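Open the model in your viewer and keep the selection tool at hand. The stops below go from one selection to the next.

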Amino acid sequence: MGRGSLRIYLGAAPGVGKTVAMLDEAHRRLSRGTDVVVGYVETHDRPHTAAMLEGLEVLPRRTVEYRGSRLTELDVAAVLARRPHVVLVDELAHTNVPGSSVPPVDGAGASRDGHEKRWQDVEEILEAGIDVISTVNIQHLESLNDVVESITGIRQQETVPDEIVRRADQVELVDMSPEALRRRMAHGNIYGPDKVDAALANYFRTGNLSALREIALLWLADRVDEALERYRADQGISEQWPTRERVVVALTGGAGSETLLRRGARIATRAAGGDLIACHVRSSEGLTSTDPAVLVRLRQLARDLGAEFQDVSGQDVAEAILDHARGVNATQIVVGVSRRGRWQQILRPSIASEVADGSGDIDVHLVPHEGSKVASRRRSTTGLPARRVVGGMLFAVVALVGLTAALVATQEGHTLSLDLLLYLALTVLCALVGGIWPALFCAVVGSLVVNWFFTEPRGTLTISDPPNALALAVFVLVAMAVSSVVNVAARRTEQAVSAERESSALAAMSRDLLAEPRPLPALLDRAREDLGMRAAVLADVHPDRPPTVVASTDPDLPVGSVLPADTGWALDVTVDDGVHLLLDGPPVAAEDQRVVNAYAAHAAILHGREQLVRAAREAAGLARDNAARTTLLAAVSHDLRTPLASIKAGVSTLRQSGLDLTADDEAELLESIEESADRLDALIGNLLDLSRLETGAVRAHHHSIDLLDAVVSTVRTTSAPQRVEVDLEPDLPLVRTDLGLLDRVLANVVENALRHSGDAEVRITAGRIGDTVQLRVIDRGPGVSDADKERIFAAFQRAGDAPQGDGLGLGLAVARGLTTVLGGSLVPEDTPGGGLTMVVELPLTPTSTPTSTPPGPSVRGEGGTDVADGITPTEPTEPTGPTGLAGPTQTKEDA
């Protein structure tokens, strides 16, 4: 009996229609004569889902007692006893009731403990040879749990291992656009009316749904690529299948690499959806001659071009490029071709030629560039200092003279073969001391010396015995070959030691910088220590102004000071445009230049990051100040007219001698004048704040406040507090804001809602979303079209739900500007069923804990009811039915 097959319907969010798609597939298979039963399907009281169960055999569920409640679970024993061909099991990530047991199949045997997760139940059914169709949402995959939490602010308690879903025989994505899903939610097709507002405001926000949809599509696309590669491997298909254009650019870090990368980008952009992969090839020994600064520039250029940068190592560069291209299923390779001479091409084919010859079905673009020939000549030298080569030559001369004198003095005690071995050993020593050229000199001169002194006839270069001539020739060839190998090994050893020193320094530097609150000074201090310098300075050097210090390890050169003109720096490295790394101390050794360049590259990255952070901080501050200044200026010009007109009308009426006013009329006029004067006083206060704001002396005074108290206090001062319902949860955390500015924001927003909602009530709710609190002012007015949602925040604009003859004024403009000053946001949304919802988002107090303030009464005037339960900003739950779980969280699925 083989294992059953698993088909999974994958969704981006609850409500996209996974369960409906599963039931539709069941009806399709049933119509073809397949034995299909329903093991567990949760309808969530949705009529359409329940109607689709008609005509399908539904197996009884297993009833479990848990904390005084009777809950139902999938009855695995019933499925195994029934043994259908296909069984439907909804909500694959569901957590079973703890401590439940599974009865024996067919009444035989003993009961056993049930599985903790439903996917484990499914595994048992599959092992029994029964096919399973199931559903799961993308947020329940274990590997994506933290990603979903960072997007939605909700930690999924119920997850399923990715391997279970990957092993499924079929995974089908049930897709729906965020707008369509929100419409389905607003129409009540997913949750009940009492949960629609909370769901749309929290988990079902457009941004959340778009991000989850993209994650689901990308995850499934990767699985399709894996399935394709697995199929090609199973079928032994080695040819490339151009399912999408993938362009691999082969880079060695030499001259022309940037040209190749840009050419590859142009090729990739010609094909819609083409991938660009930058492949840097290094030696398999781990040694590379590429400057770290060059690699940093190439990585940055690859990011700018939208390419993926990968490091590849291999003994044969051309073969490494081809292996990598085949591994990523590339369709094109871009490789540089050097302008080498014809004889060089004959003696040793170029990398580009080898790649083109072995590419097979992959297209190869050969791009000529300058500099390769020069680089090739440079690599042919010994790479050793001239002083060491001269020392090797002197050692060869002295050693040859000494060895020859010793052998001549003891001429009768040795043979020609021993002489050749001794001179061969001397050649190897010369290679170790001075490299290839002293070793070749020693081999040639040594052969002549042996011929002259120790080969018959002696004293001449003539050789009478042919075997001796052959021995000398072999000696010269072996000496040259051994000296070459020893020279290469010595150079590789030095490169390995240098690379190990560089990698250790860079690894320690990177590790230390991660923990540093001020990484740039720490980098300079590390460079000073590693290079043995007295001081390290990062300076801003421009010809039109004196050079200034950006960062320094010298206490005599603080940040911002001007560099002395007479300072003699041991090394001056350009880090960025106008920024230099200056080192004060002994001269830097040539072999340490790569380390210096690595420090310069890190300094460039850190300096650029600090500039971006500083610019972003300044831009945010300027934007907040500008928004506050603009809104307050507009408010003064608009709001001064109303109280002034009221005061003028009242005073003019009181001064008219012909009017016969009663005492009540005079009191009413005086009260109106007093209220208008108070409004003027508040506006004058805004003017003073504006003047201080323009000078940078006024900022929002943030304090931790209880949002419930602030909302109730503001609502009581509105024009119709009896029409406002405050519905905040009692354990809402503290928010960090300016109470006075928040009062004006809420007053403007609530007054706007009251003005445009007719006689309907205005509802205020609040809930926590991650590190913020969302305050929602919900009205049931005419609403605002999407095109007018931003226009209503402009000064003196009437749009959307503004009644005829009454403008929106500046209330919303002032409210948005002040909300920005508070570090929050104010955005409009459609109210499900009609109307406009204003969402005010404010930051929480850091490490805040929920307040213990009990819920106050709803502001309804006399006879008002108590505040209803608040909104809990978590993933919306399904309606509690007979399967509702009071203990472990039930999986929230859709139909």
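On this tour, two residues are in contact when heavy atoms lie within 4.5 Å. The model is a predicted one.

**Stop 1: helix 16 and helix 17**

Select residues 386-409, which form helix 16, and then residues 416-434, which form helix 17. Their axes come within 9 Å and cross at roughly 160°. Angles over 145 degrees count as roughly antiparallel, and helix 16 and helix 17 are therefore roughly antiparallel to each other. The crossing of this pair is right-handed.

Now show the side chains at the contact. From helix 16, pick Arg388, Val389, Gly392, Phe395, Ala396, Ala399, Leu400, Leu403, Thr404 and Leu407. They meet Asp419, Leu422, Tyr423, Leu426, Leu429, Cys430, Leu432, Val433 and Gly434 in helix 17. Coloured by type, the residues of this contact divide into 14 nonpolar, 3 polar and 2 charged.

The spacing of the numbers has a general background. An α-helix has 3.6 residues a turn, so residues three or four places apart point the same way.

**Stop 2: helix 16 and helix 18**

Keep helix 16 and add residues 436-454, which are helix 18. The two pack at an angle of about 20°, and their axes are 9 Å apart. That angle makes helix 16 roughly parallel to helix 18. Helix 16 passes helix 18 in a right-handed crossing.

Which residues of helix 16 meet helix 18? They are Val389, Gly392, Met393, Ala396, Val397, Leu400, Thr404, Leu407 and Val408. On the helix 18 side, select Trp437, Pro438, Phe441, Cys442, Val445, Gly446, Val449, Phe453 and Phe454. The residues of this contact divide into 15 nonpolar, 3 polar and no charged.

**Stop 3: the cysteines**

Select Cys430, which belongs to the helix 17 side of the first contact, together with Cys442, from the helix 18 side of the second. Why is there no bond from Cys430 to Cys442? A disulfide needs cysteine sulfur atoms within 2.5 Å, while the sulfur of Cys430 is 3.8 Å from that of Cys442, its closest cysteine sulfur, and so too far for a bond. The count of disulfides in the model comes to 0. Cys430 is buried, with a relative accessible area of 0%. Cys279 also counts as buried, at 0% relative accessibility.

**Stop 4: helix 8**

Move to residues 193-201, helix 8. Val196, Asp197, Ala199, Leu200 and Ala201 are buried here. To see what covers them, add helix 7 (178-186), strand 23 (762-769) and strand 24 (772-778), which are among the covering elements.

**Stop 5: two residues with positive phi**

Most residues other than glycine have a negative phi. The next two selections go the other way.

Select His44, in the loop between strand 2 (36-40) and helix 2 (47-51). His44 is not a glycine, yet has a positive phi of about 55°. At 5% relative accessibility, His44 counts as buried.

Then select Glu91, in the loop between strand 6 (86-89) and strand 7 (101-102). Glu91 has a positive phi of about 55° as well, and is not a glycine. Glu91 is buried, with a relative accessible area of 1%.

**Stop 6: His602**

Finish at residues 593-639, helix 21, where His602 lies. Is His602 buried or partly exposed? At 24% relative accessibility, His602 counts as partly exposed. Add Leu524 and draw a distance between the two C-alpha atoms: they are separated by 10.0 Å, although the residues are 78 apart along the chain.

How values were computed: Residues are numbered from 1 along each chain as its sequence is written. This is a predicted model: local features need pLDDT of at least 70, side-chain atom pairs count only at pLDDT 80 or more; totals for chains, interfaces and linings use all residues. Side-chain values use heavy atoms; hydrogens and water are left out. Axes are lines fitted to C-alpha atoms, for helices over the stretch in contact, and angles run from 0 to 180 degrees between N-to-C directions. Helices (H or I, at least four residues) and strands (E, at least two) are DSSP runs, numbered from the N terminus. Angles under 35 degrees count as roughly parallel, over 145 as roughly antiparallel, 65 to 115 as roughly perpendicular and the rest as oblique. A crossing is left-handed if the near helix is turned anticlockwise from the far one by less than a right angle, and right-handed if clockwise. Ala, Val, Leu, Ile, Met, Phe, Trp, Tyr, Cys and Pro count as nonpolar, Asp, Glu, Lys and Arg as charged, and the others, Gly among them, as polar. Buried means under 20% relative accessible area, exposed over 50%, partly exposed in between (1.4 Å probe, protein chains only).
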